[in-house]
Amino acid sequence: MSSQIYGIRAVIEAINAGQPINKVFIQKGLKGDLYKELESSARKSGIGLSYVPVEKLNRLTRNNNHQGAVAQISPVEFHQFEELVEQVLSKEETPLFLMLDGVSDVRNFGAIIRTAECCGVHAIIVPKSGAAPITEDTVKTSAGAAFNVPIAKVDHLKDAIFYLQSSGIVVTGATEKADDEIYGVDFNQPTAIIMGSEEKGISPSTLNIIDHQAKLPLMGKIGSLNVSVACGVFLYEVVRQRRS
């Protein structure tokens, strides 16, 4: 599944070739033009950089000649956002998109992908920065669903929301700050649901531009659900409405 690329030049070439890289580990203290080129290429592509001691790289590569840089390759190929949206809209089905705003735990991500696949989600959209990578743990938690649901990474989630809205998609955010409960939202129309991060939820700037905000009724003392559980409730309400 996931693999690694070693060496600064090899990593730069992989980035420039559009390989689905989760993260690049760079040895602390590296200097030189090639190192600066690696940093620049990774940042332009929205790839996370982690500066680590050489011992970390030695453990990752098991004595391979890493030359101070190791890239972790995603086991899943990502789709181009606009092309994916157009593919979904061309289907003879009511579109259902899932957007994740800062979900950073790989196992939560995997559980969400698994539920999304079971609920017929057509595509998952995540930001390039701040989102959980797709690792072997993600794939395992998803029970392999990560290979079945198309996933797109975007530079800015708000731009993706505007694009969806301009394509006739109604965007609903899951937030406990909402006045209305989920059961009053019409999910029979083309829909995108946004789930927020485990700690902060959906960012305020994102909440300001979406079409609806909705919450789940909570009967106990705990103020929120785990994001993967909440996502499952939202998606199955979509299923319920569309099958009734």
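**Two open sheets, with the cut-offs spelled out**

Me: So there's an open sheet of four strands in the order β1-β4-β2-β3, with mixed pairing. What makes two strands a pair here?

Reply: Two strands pair if DSSP finds at least two bridges between them. Four bridges join β1 to β4 and five join β2 to β4, so both cases pass the cut-off of at least two. Each of these two pairings runs antiparallel. For single examples, Gln4 has Gln72 as its bridge partner in β4, while Ile26 has Ala69 there.

Me: And what stands at the edges of that sheet?

Reply: β1 and β3 (48-52) do; each has a single partner strand, so one side of each lacks a neighbour in the sheet. On average, neighbouring strands here are turned by 25 degrees against each other, direction ignored.

Reply: A word on the ground rules: this is a predicted model, where local features need pLDDT of at least 70 and side-chain atom pairs count only at pLDDT 80 or more, while totals for chains, interfaces and linings use all residues. Residues are numbered from 1 along each chain as its sequence is written, and side-chain values use heavy atoms, with hydrogens and water left out.

Me: What makes something a strand or a helix?

Reply: Both are DSSP runs numbered from the N terminus: H or I over at least four residues for a helix, E over at least two for a strand. By that rule β1 covers residues 3-6 and contains Ser3, and β2 covers 21-27 and contains Ile21.

Me: Why is Ile21 called buried, and what is Ser3 called?

Reply: Buried means under 20% relative accessible area, exposed over 50%, partly exposed in between (1.4 Å probe, protein chains only). Ile21 is at 5%, so it counts as buried; Ser3 is at 38%, so it counts as partly exposed. In strand β4 (69-73), four of the five residues are buried, so the strand is largely enclosed by the rest of the structure.

Me: Which residues does Ser3 contact, neighbours within four places in sequence aside?

Reply: Ala71, Gln72 and Ile73, where contact means heavy atoms within 4.5 Å. With such neighbours left out, Ile21 also touches those three, and its list includes Ile47 and Lys153.

Me: How does helix α2 lie on this sheet?

Reply: α2 (33-44) lies across β2, β3 and β4, at about 145 degrees to β3. The axes are lines fitted to C-alpha atoms (for helices, over the stretch in contact), and angles run from 0 to 180 degrees between N-to-C directions. Helix α1 (8-16) lies across β1, β2 and β4, at about 120 degrees to β1.

Me: What is the order of the six-strand sheet?

Reply: β7-β6-β5-β9-β8-β10, an open sheet with parallel pairing. β7 (151-154) and β10 (212-214) are at the edges with a single partner strand each, so one side of each is left without a neighbour. Inside, four bridges join β8 (170-174) to β9 (191-196), and Val171 has Ala192 as its bridge partner in β9. Helix α9 (227-243) lies across β5 (96-101), β8, β9 and β10, at about 165 degrees to β9.
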